[in-house]
Amino acid sequence: MDQLPPQCGPYQPRELLATGASAQVWLADGPEGQVALKIARTEKHKPQLKHEAETLAMAPHPGLVTLLGSDDDGAWLALERIEGVLMDEWASGKSPDAITTVALDLVDALEHLHGKGIVHGDLKPANFIFVQGTLKLIDFGIAKAISNDTTNIMRDTQIGTLNYMSPEAIMDTS
């Protein structure tokens, strides 16, 4: 079991919820009550968490996870705790009308992001949680800000979830 990390700002970690490539997510107590506290795994992962915090701060929206606080150097960020079910679990057995209604909420959140010049970069069922009648988009770790005239996003390395990446994102361009 992972050792309980020290307090991060006003947030006291209590229980490990998940471990990803660049961060661990802890259930933590803070001024807002229970939160999801994302802590960088190593020094090299801090810029990614800092970028995630900056991205979320640029585009608050009811369909996106809410940033509650962050460390200036990217050591941690605190997010609203979302308890719900993953999108694909929720959609199983639902009528097309019910799915369409929720999909329109999803389109609204994505339109908001794109209007702010942000591309999420890792849209997959595991990054949408159905809670209290709506979908919330989470995990902005690889989101990218783009300019209005951008037509293609090229990265030095492939990042994202292979099964959900667009064909052009996985093509060898060398």
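Mentor: Buried means under 20% relative accessible area, exposed over 50%, and partly exposed in between, with a 1.4 Å probe and protein chains only. The model is predicted: local features need pLDDT of at least 70 and side-chain atom pairs count only at pLDDT 80 or more, whereas totals for chains, interfaces and linings use all residues. Residues are numbered from 1 along each chain as its sequence is written, and side-chain values use heavy atoms, without hydrogens and water.

Trainee: Is Trp 76 buried or exposed?

Mentor: The limit for a buried residue is under 20%. Trp 76 has a relative accessibility of 9%, and therefore counts as buried.

Trainee: Of which type is the pair formed by the rings of Tyr 11 and Trp 76?

Mentor: Rings of Phe, Tyr and Trp (its six-membered ring) pair if their centres lie within 6.5 Å; planes under 30 degrees apart count as stacked, over 60 as edge-to-face and the rest as tilted. Two aromatic pairs satisfy this rule. In this one the centres are 5.6 Å apart and the planes stand at 65°, so the type is edge-to-face.

Trainee: Where in the chain do Tyr 11 and Trp 76 lie?

Mentor: Helices (H or I, at least four residues) and strands (E, at least two) are DSSP runs, numbered from the N terminus. The two residues are 65 apart: Tyr 11 lies in the segment before strand 1 and Trp 76 in strand 5.

Trainee: Of which type is the pair of Trp 90 and Phe 130?

Mentor: The ring centres lie 4.2 Å apart and the planes are at 25°, so the pair is stacked. Trp 90 belongs to helix 2 and Phe 130 to strand 8, so parts 40 residues apart in sequence are tied together by a pair whose type is stacked.

Trainee: Which strands stand at the edges of the sheet?

Mentor: Two strands pair if DSSP finds at least two bridges between them. Five strands form an open, antiparallel sheet in the order 1-2-3-5-4. Two of these have a single partner strand each, so one side is left without a neighbour in strand 1 and strand 4.

Trainee: Which residues does the salt-bridge network join?

Mentor: A salt bridge is a side-chain nitrogen of Lys or Arg within 4 Å of a carboxyl oxygen of Asp or Glu. Lys 46 and Asp 73 form one, with their closest N and O atoms 3.4 Å apart; Lys 46 is in helix 1 and Asp 73 in the loop between strand 4 and strand 5. Through shared partners, salt bridges join into one network Glu 43, Lys 46 and Asp 73.
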